[in-house]
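Work through the following exercises with the sequence and the model side by side. Each task is followed by a solution that proceeds step by step.

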Amino acid sequence: MSINFEYKDVAASKRLEALAEEKLNKLEDKFDFIVNADVYFKLENTSSPKTGMICDIRINVPGTTLFSGGNTGAFESAIAEAVNDAKTQLRRRKDKMQAH
């Protein structure tokens, strides 16, 4: 699986890329039908310190594209939130694929 990283208003970080790649590789071990993934890191000005750091993940699987995202006060927790959302969607997609 290839993983592409994009940054908007954020400096590129090898540490964030390594963390996201580690979590996405764990997903690929469970769900071997993943083709590729795009990870977007964005910084948004908000009045709350608990939000503003956004991680969006777009995962391409056969037949569709899945989107998930996390918006928290730290990129690490935003990655975890987005990966958990993606895991739920991938589980549903796998169940649909097995039913047919």
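**Exercise 1. Determine which side chains make polar contacts with the side chain of aspartate 38, and describe the setting of this residue.**

Step 1. The side chain of aspartate 38 makes a polar contact with that of asparagine 4 at 3.0 Å, and another with the side chain of arginine 58 at 2.5 Å. A polar contact here is a pair of N or O atoms within 3.5 Å; within protein, one must be able to donate a hydrogen and the other to accept it, and residues adjacent in sequence count only if both atoms are side-chain atoms. The model is a predicted one, in which local features need pLDDT of at least 70 and side-chain atom pairs count only at pLDDT 80 or more, whereas totals for chains, interfaces and linings use all residues. Residues are numbered from 1 along each chain as its sequence is written, and side-chain values use heavy atoms, with hydrogens and water left out.

Step 2. Aspartate 38 belongs to strand 2, residues 36-43, where helices (H or I, at least four residues) and strands (E, at least two) are DSSP runs numbered from the N terminus. With a relative accessible area of 6%, aspartate 38 is buried; buried means under 20% relative accessible area, exposed over 50%, and partly exposed in between (1.4 Å probe, protein chains only).

Step 3. Apart from neighbours within four places in sequence, aspartate 38 is in contact (heavy atoms within 4.5 Å) with Asn4, Asp56, Ile57, Arg58 and Asn60. The C-alpha atom of aspartate 38 is separated by 7.7 Å from that of glutamate 6, although these residues are 32 apart along the chain.

**Exercise 2. Find the side chain with which that of asparagine 36 makes a polar contact, and state whether asparagine 36 is buried or exposed.**

Step 1. Asparagine 36 also lies in strand 2, and a polar contact of 2.5 Å joins its side chain to that of asparagine 60.

Step 2. Asparagine 36 has a relative accessible area of 17% and is therefore buried. Once neighbours within four places in sequence are set aside, its contacts are Met1, Ser2, Arg58, Ile59 and Asn60.

**Exercise 3. Establish how strand 2 pairs with strand 1 and with strand 3.**

Step 1. Strand 1 and strand 2 run parallel and are joined by seven bridges; two strands pair if DSSP finds at least two bridges between them. Within this pairing, tyrosine 7 stands opposite phenylalanine 41 in strand 2.

Step 2. Strand 2 pairs with strand 3 in the antiparallel sense over eight bridges, and the bridge partner of tyrosine 40 in strand 3 is aspartate 56.

**Exercise 4. Describe the geometry of the ring pair formed by tyrosine 7 and phenylalanine 41, and place phenylalanine 41 in the nonpolar core.**

Step 1. The structure holds four aromatic pairs, counted where rings of Phe, Tyr and Trp (its six-membered ring) have centres within 6.5 Å, with planes under 30 degrees apart counting as stacked, over 60 as edge-to-face and the rest as tilted. Tyrosine 7 and phenylalanine 41 form a stacked pair, 5.3 Å centre to centre with 20° between the planes. Because tyrosine 7 lies in strand 1 and phenylalanine 41 in strand 2, the pair ties together parts that are 34 residues apart in sequence.

Step 2. Tyrosine 7 is partly exposed at 22% relative accessibility, whereas phenylalanine 41 is buried, with a relative accessible area of 0%. Ring pairs link Phe5, Tyr7, Phe41 and Phe75 into a cluster.

Step 3. The largest nonpolar core has 25 residues, of which Phe41, Ile59 and Leu90 touch the most other members; such a core is a set of buried Ala, Val, Leu, Ile, Met, Phe, Trp, Tyr and Cys residues joined through side-chain atoms within 4.5 Å. Strand 1 (2-8), helix 1 (14-30), strand 2, strand 3 (53-61) and helix 2 (75-99) each supply at least two residues of this core, and helix 2 gives the most, with seven residues.

**Exercise 5. Identify the backbone atom that the side chain of threonine 72 reaches, and the bridge partner of methionine 53 in strand 4.**

Step 1. Threonine 72 is found in strand 4, residues 64-72, and is buried, with a relative accessible area of 12%. The side chain of threonine 72 reaches the backbone nitrogen of alanine 78 at 3.2 Å.

Step 2. Strand 3 and strand 4 run antiparallel and are joined by nine bridges, and in strand 4 the bridge partner of methionine 53 is threonine 72.
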